[in-house]
Amino acid sequence: MIQAKIKLQNQLTSEDIQIENNQIIKNGNTYDVSQLQIDVPIKGTVYGTLLNYRGELEAMKEQMNQSPYNAPPKGPILYIKPKNTYTSFAQPIPLPQDTEQLSVGAALGIVIRKTATRITEEEALNYIEGYTIVNDISIPHESVYRPAIRFKARDKFCPIGPWIVNASSVTNPNDLRIRVLINETTVQENTTANLVRPIAKLLADVTDFMTLQAGDILLVGVAEHAPLAKIGDHIRIEIDEIGYLENTIVQEENVAMEGNQ
């Protein structure tokens with residue numbers, strides 16, 4: 001049985017739960033995930049990682065060897081998904097009026113347990129509280145080395161959840177199958193076995209130049225050939241041993257934004 005933490009809406013703190021066959025066991029009662037009003041399970045900053053899948057790196061190889069880069073990146077390429085992008089399980093994803101499709105970024109999120117600064121690969125896993133699922137939504141664009149904020153940081157462009165699975169419940173985070181289904185059809189499948197920097201190496205390299213705080217999430221990356229979704233599409237991301245994250249794309253004006261409700 002999987003040990004996890006969940007945060008419900010209108011609650012200040014997370015609570016311990018157990019997961020069995022994607023059912024939530026809480027206080028001796030069993031619930032389907034659709035029966036609970038689930039909130040975003042994290043409290044820190046979400047950091048995305050680019051070009052950390054071998055297929056993605058290979059697809060960009062020719063472009064990276066041209067000016068002005070002239071070589072593949074030597075360290076991790078990071079970006080931030082700010083707080084306005086966070087949204088939870090089953091909440092709608094807004095499609096901007098001037099956009100026809102959104103890019104679905106299925107990612108495993110590493111949740112940091114304690115302050116991590118210049119940690120080694122050997123000790124990196126001790127700094128992990130657990131893992132969650134993140135949909136790094138963006139408007140399709142060409143910029144890679146400098147991700148454009150207006151394409152990646154729109155309101156509710158980062159569904160997270162539905163829970164955080166304890167690190168001790170995950171057999172091998174470097175060998176988790178990730179699937180994306182749109183309207184119940186599988187459109188992408190990959191595995192964290194294809195990471196350029198496995199999880200311990202990624203944490204060591206990132207904390208060599210910046211500190212990660214307790215509650216932060218570091219995304220391991222988004223695999224090549226990210227699927228596109230349009231208005232009305234139902235997106236489901238499944239990660240072995242973690243669970244699934246579901247959201248539906250709706251027209252932006254039909255989504256109540258914070259401060260405009």
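1. Lining of the largest cavity. In this predicted model, strand 13 (177–182) and strand 14 each supply at least two residues to the lining of the largest cavity. Strand 13 gives the most, with three residues. The full lining is made up of Tyr53, Ala106, Ile178, Arg179, Val180, Gln188, Asn190 and Ala223. By type, these lining residues divide into five nonpolar, two polar and one charged.

2. Volume of the cavity. Rolling a probe the size of a water molecule over the atoms shows where empty space is left. The structure holds one cavity of 30 Å³ or more, and the volume of the largest cavity is about 40 Å³.

3. Gln188, a lining residue. Gln188 is among the residues that line the largest cavity, and it belongs to strand 14 (residues 185–191). Is Gln188 buried or exposed? Its relative accessibility is 10%, so Gln188 counts as buried. A polar atom of the Gln188 side chain lies 3.5 Å from the backbone oxygen of His225. Apart from neighbours within four places in sequence, Gln188 is in contact with Ala106, Ile178, Arg179, Val180, Ala223, Glu224, His225, Ala226 and Pro227. Ala106, Ile178, Arg179, Val180 and Ala223 also appear in the lining of the largest cavity.

4. Arg197, in the loop after strand 14. Arg197 is found in the loop between strand 14 and helix 5 (199–207). Arg197 counts as buried because its relative accessibility is 14%, and the cut-off for buried is under 20%. Which groups does the side chain of Arg197 reach? One is the backbone oxygen of Lys74, at 3.0 Å. Another is the side chain of Asp205, joined to that of Arg197 by a polar contact of 2.7 Å. Not counting residues up to four places away in sequence, Arg197 touches Asn52, Lys74, Gly75, Pro76, Leu202 and Asp205.

5. Helix 5. Two of the residues touched by Arg197, Leu202 and Asp205, are among the buried residues of helix 5. This helix is mostly covered, with eight of its nine residues buried. The buried ones are Ile199, Ala200, Leu202, Leu203, Ala204, Asp205, Val206 and Thr207. An α-helix has 3.6 residues a turn, so residues three or four places apart point the same way. What covers the buried residues of helix 5? The cover includes strand 5 (46–50), strand 6, strand 10 (106–112), helix 3 (121–124), strand 11 (128–135) and strand 15 (217–219).

6. Leu78. Strand 6, part of the cover of helix 5, spans residues 77–81 and holds Leu78. Leu78 has 22% relative accessibility and therefore counts as partly exposed. Leaving aside neighbours within four places in sequence, the contacts of Leu78 are Gly48, Thr49, Val206, Phe209, Met210 and Leu218. One of these, Val206, is a buried residue of helix 5. Leu78 and Gly221 are 143 residues apart in sequence, while their C-alpha atoms are 9.6 Å apart in space.

7. Strand 18 and its partners. Strand 18 (residues 243–251) is mostly covered, as seven of its nine residues are buried. How do strand 8 and strand 17 run relative to strand 18, parallel or antiparallel? Strand 8 (residues 93–95) runs parallel to strand 18, and three bridges join the two. Within strand 18, Gln251 stands opposite Leu95. Strand 17 (residues 234–239) runs antiparallel to strand 18, with six bridges between them. Here Arg236 stands opposite Glu246 of strand 18. Strand 17 and strand 18 form a hairpin with three residues between the strands, and in this hairpin Glu241 takes a positive phi near 70°.

8. Strand 1 and its partners. Strand 1 (residues 2–6) pairs in the antiparallel sense with strand 2 (residues 15–20) over five bridges. Strand 1 also pairs in the antiparallel sense with strand 12 (residues 158–166), over two bridges. Which residues stand opposite Lys5 in these pairings? In strand 2, the bridge partner of Lys5 is Asp16; in strand 12, Ile164 stands opposite Lys5.

Technical notes:
Residues are numbered from 1 along each chain as its sequence is written. This is a predicted model: local features need pLDDT of at least 70, side-chain atom pairs count only at pLDDT 80 or more; totals for chains, interfaces and linings use all residues. Side-chain values use heavy atoms; hydrogens and water are left out. Helices (H or I, at least four residues) and strands (E, at least two) are DSSP runs, numbered from the N terminus. Buried means under 20% relative accessible area, exposed over 50%, partly exposed in between (1.4 Å probe, protein chains only). A polar contact is a pair of N or O atoms within 3.5 Å; within protein, one must be able to donate a hydrogen and the other to accept it, and residues adjacent in sequence count only if both atoms are side-chain atoms. Contact means heavy atoms within 4.5 Å. On a 1 Å grid over the protein atoms alone, a cavity is a set of points where a 1.4 Å probe fits but cannot get out, and a pocket is an open set with protein on both sides within 12 Å along at least five of seven lines; lining residues have an atom within 4 Å of a point. Grid points are joined across faces, edges and corners, and a volume is the space filled by probe spheres set on the points. Ala, Val, Leu, Ile, Met, Phe, Trp, Tyr, Cys and Pro count as nonpolar, Asp, Glu, Lys and Arg as charged, and the others, Gly among them, as polar. Two strands pair if DSSP finds at least two bridges between them.
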